[in-house]
Amino acid sequence: MDKKSSNGERKVSIVILFVVVIVALFLLLINFLTDWLWFDELGYVSVFFKQLFTELEIAIPVFVVLTFLIHLYLGRLRKGYFAKIASHEETDMRKLKKYTRWISIIFGAIAGLITANNLWFEMLQFSKSTKFNIKDPLFGLDISFYIFKLDFLKQLNELIIGIVLLVIVVSIIYYLILMTMHSPDILEHDDEAEYVDDEEERYSGSSNPFGNGGNGGAVGKMFDDWNKKRGARPRKSMQFDNNNLKQMVNIASGQLSVLGVIFFVMLGVNFFLKQFNLLHAHTGAVYGAGFTDVTITLWVYRVLVVLSLVGAITVVHHIRKREIKKILTIPVIMIIVGLVGAGVGMVVQSFVVSPDEINKESKYLARNIEYTQYAYQLNDVTIKSFKADNTLTSADIKNNDQTIRNIRINDYKPVKTFYNQTQSIRQYYTFNDVDVDRYNINGQLTQTYLSVREIDEGKINNTWLNKHIKYTHGYGLTLSRVDTITASGQPDVLIKNIPPESKIKEIKVTQPEVYFGELSDDYILVGTKENEFDYPDGSANKYTNYKGTAGIKLNAINRIMFAIRENSMKLLVSTNINSKSKIIIYRNVIDRVHKIMPYLSYEDDPYAVTVNGKIYWIVDAYTTSSYYPYSEPYSGTTGGTNYVRNSVKVVVDAYNGDVKYYIVDKNDPMAQTYKKIYPKLFKDFDQMPKALQSHIRYPNTLFEIQAKIYSRYHMTDVKVFYQKEDLWDIANEIYGTDQQEMTPNYYVVKLPGESDAEFISSISYTPKDKQNMTALFVARNDGKNYGKLVIYQFPKSKTVYGPMQIEAQIDQNTEISQDFSLWSSAGSNYSRGNLFVIPIENSLMYVEPIYLEASNSAIPEVKRVIIVYNDEIAYEPTLAEALDSMFGDGTSSSTTSGNTSTGTTGSSTGTTSDSDKSTEELIKQASTLYDEAQSALKSGDWAKYGDYMNQLQDTLNALSKH
């Protein structure tokens, strides 16, 4: 009866243990299983399983091979041990073989898991690498070796060394097991013995020789404890048998030989691979291997490789001869060679290279220049001369109407503030940022601002229902031209309100819901019994239900898994969820693309576009490496990124969440290698819809990196480069009220020699520590010219004013400085926008907008527009008036709309220009402005007083021309 009860309890225990294990595995795999469902929703299951399948392809062979080899290795250890060590004990061979199998399996599993986890992606890059068809100048290897293979070989070498160390640990553990189960008779016994009971005696022979009595220390204590469990056995007075002790030491000679050979071979491989690091070193004036590296350090590494191979041979000889001390001979020599080599290198660098650096490093500097230009795609920069002759006429301005029409007098920050103040509609909506793009409006290429209206999750009532079911999406967007303002100085909005109202026939937003964005950080539930909030409609709200394709269906199992994943019991018990409900995760655009493909670097600021009535996000993705030979890292830190390409554009549907990866640079070997690894993820650029193709931008992040590198690496003459004779700086400007380094700006410009205007990005250069301008760097964005870089170099025989010299002229203008002082004293805040350097024909025109924000208003307005040209300054309320002032009346009639709008696009004339008013009208206007200024003065409103006085001054100036 007791036996049956015991069996029953055992079965129950086994069932409980099985259930516990299954539940534990289920909990551990929650993230894996839910991510699997998410990748399946996107159609990228093959991408999700690529890592797992590759790891299995690595781990299983490594596990099988190493388990087999370790089992053979341990078998030889056991055989040698039993052959050389005598014992009176009867060894339980069955148990010993069981231990051997388990140790082999555990070793193989650990090695396989570590190898697979650390090397799976590197192995894929190694096996699917794409050639650069450019060879390094020192070793003659294709650049692909350094980008795709070198890191893999380094890690593999480190891994093998780790495995060798693990083998040593396993060997020690196995010897301890052998000595425990087959205790050696290495001790001599005296004739007296003290016996105690030993009921479970399996072995005959002496007691534990490693106990405390035998001075065995911690190991001895372990065996004493083990003996207590075994029971007492004969104890005698003992002493070491020196002959048997030597036998024990000699047992390991074969294993020591193998491990010694492997150690020295791996050491040799390490030094062999180190020589390739010289191509990424920074010694003296050179990034990459210089004179000292090639003539000294490289040969030191090669000598160390040879010594390592010699060491691998001699270690076997010395172990066989029992010449233990001589084993250290080669390592000591290697240390001496390394120290002497380092010392010689320092001496050569200091006393041979430095005094004659230009000649000694000349060949290596040429390599540095050439390969840095390759790495940053600066080898194909088109260099053009620009006369900067200042011969512009009114006719030239009219002939470049596309350029003038797109001068950005609105600035990012004021526009963002204006959008959030006037177009957020409700407190829970926000515009995260403002993006610059271009659209065809009324048949003309027009530069615009666009911003998406998103839900600010921090501003909704923080209940689970609101966060996850009710407020699921943002709504619509706001779009305005960069050059047009209202009569009050604010951006003229072309698409606005909720639902979106568009003044542009070419752009209609028919699917304004934004389920995926920059601020969408939490999961949402759709298809529930509760309607989603869609948008506010007056005092009421409109509701909707999601009809898109995004989301994972919440069946019973999925519901449990996501409840555990999101740590939400409400998700499990909510009565709003039914069989049609879906959960949408990874809604943040950057999180979404990074989760799919984490091996690209992403722009942290995606930009939105509207195409065919829908809203999309475009994310710039970069391929980067730190292993490009002879290339200077853009951070200036050795080992930093020294190769970058914007080869991939990622498009995310704001409604359905679809993610598409398009390769825009088919000549980038890194992008092509990734495509080989993930063939179903990457698409050719031709597969991108044409409407979206017209909205890709050359990213300013990349352009800024290239501009900083090019400021030095435009010099191709080695002596000029070394002496830094023509070093450039990125120009500075005053932005707001502070001086700062200029950043690239987007423009729509007709470049000199081109027939049509195009979307470009540009940045200005000045000579090092000088203020005059030496060049204008341009990145083209449109069509087949996408990605082409052009440098317009100015004559060195004449002075071309740089941005800070223009800023100084503005500061020195009496009228402008008076206004700045007046606005500041009146409690208003003025700020200066970006200074735009605009090439027109063979001349340069500078434009800077001025913004004013009253102390009682949070909405800045465009107060003045400054044009500087040929030492003259025009300072007017609008760009049109400034052009007329600079180039003569009527100049702006065909190029601008006065830069003010009455609400109709393309023909907006705004308020009547002062130049078009009659003398009587101007006199009346001046009288009214004066009276209003006096009233403001009496009431103490200095901001209004300054405003009226400025308007009065403009009116009097116009009157003087009549």
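In the predicted model, isoleucine 70 is in contact with Ser104, Phe107 and Val167, once its neighbours within four places in sequence are set aside. Isoleucine 70 belongs to helix 3, which spans residues 45-84. With a relative accessible area of 6%, isoleucine 70 falls under the 20% limit and is therefore buried. Its C-alpha atom lies 9.0 Å from that of threonine 100, a residue 30 positions away along the chain.

Val167, one of the contacts of isoleucine 70, also takes part in the packing of helix 5 against helix 8. Helix 5 (residues 143-181) and helix 8 pack with their axes 10 Å apart and at an angle of about 160 degrees. Because this angle is over 145 degrees, helix 5 counts as roughly antiparallel to helix 8. The crossing of helix 5 and helix 8 is left-handed. On the helix 5 side, the residues that meet helix 8 include Phe145, Tyr146, Leu150, Leu153, Ile160, Ile161, Val164 and Ile168. Among their counterparts in helix 8 are Leu259, Ile262, Met266, Val269, Leu273 and Phe276. Polar side chains are represented as well, including Asn157 of helix 5 and Gln255, Asn270 and Asn277 of helix 8.

Helix 8 (residues 253-277) also packs with helix 10 (residues 329-353), at an angle of about 15 degrees and with the axes 13 Å apart. The angle is under 35 degrees, so helix 8 is roughly parallel to helix 10. This crossing, too, is left-handed. Phe264, Leu267 and Phe271 represent helix 8 in the contact, and they meet Ile330, Pro331 and Met334 of helix 10.

An open sheet of three strands, in the order 14-18-17, is paired in the antiparallel sense. Strand 14 (524-526) and strand 17 (552-553) are its edge strands, each pairing on one side only. Strand 17 is joined to strand 18 (residues 582-584) by two bridges, and the two run antiparallel. In this pairing, lysine 553 has lysine 582 of strand 18 as its bridge partner.

Strand 23 (residues 659-663) has four of its five residues buried, so the strand is largely enclosed by the rest of the structure. It pairs with strand 22 (residues 643-653) in the antiparallel sense, over five bridges, and valine 651 stands opposite lysine 660 of strand 23. Five residues separate the two strands in their hairpin, where glycine 657 takes a positive phi near 80 degrees. Strand 23 pairs in the parallel sense with strand 24 (residues 682-684), over three bridges. Within that pairing, isoleucine 663 stands opposite aspartate 684 of strand 24. The connection from strand 23 to strand 24 passes through helix 20 (residues 669-677), forming a right-handed β-α-β crossover.

Strand 30 (residues 775-780) is mostly covered, six of its six residues being buried. Burial extends to both faces of the strand: Ala775, Phe777 and Ala779 are buried on one side, and Leu776, Val778 and Arg780 on the other. Strand 30 pairs with strand 29 (residues 758-767) in the antiparallel sense over six bridges, in which serine 761 has alanine 779 as its bridge partner. Strand 30 is further joined by five bridges to strand 31 (residues 789-793), again in an antiparallel arrangement. There, valine 778 stands opposite valine 790 of strand 31. Ala779 and Val778 are thus named both among the buried residues of strand 30 and in its bridges, the former with serine 761 and the latter with valine 790.

Helix 26 (residues 879-887) has eight of its nine residues buried, so the helix is largely enclosed by the rest of the structure. The buried set consists of Leu879, Ala880, Glu881, Ala882, Leu883, Asp884, Met886 and Phe887. These residues pack against helical and strand elements: helix 13 (394-399), helix 14 (401-405), strand 34 (843-853), strand 35 (861-869) and strand 36 (872-876). Glycine 888 follows helix 26 and has a positive phi, near 110 degrees.

Methods: Residues are numbered from 1 along each chain as its sequence is written. This is a predicted model: local features need pLDDT of at least 70, side-chain atom pairs count only at pLDDT 80 or more; totals for chains, interfaces and linings use all residues. Side-chain values use heavy atoms; hydrogens and water are left out. Buried means under 20% relative accessible area, exposed over 50%, partly exposed in between (1.4 Å probe, protein chains only). Two strands pair if DSSP finds at least two bridges between them. A crossover is right-handed if, with the strands pointing away from the viewer, the path from the first strand over the helix to the second runs clockwise. Contact means heavy atoms within 4.5 Å. Axes are lines fitted to C-alpha atoms, for helices over the stretch in contact, and angles run from 0 to 180 degrees between N-to-C directions. Angles under 35 degrees count as roughly parallel, over 145 as roughly antiparallel, 65 to 115 as roughly perpendicular and the rest as oblique. A crossing is left-handed if the near helix is turned anticlockwise from the far one by less than a right angle, and right-handed if clockwise.
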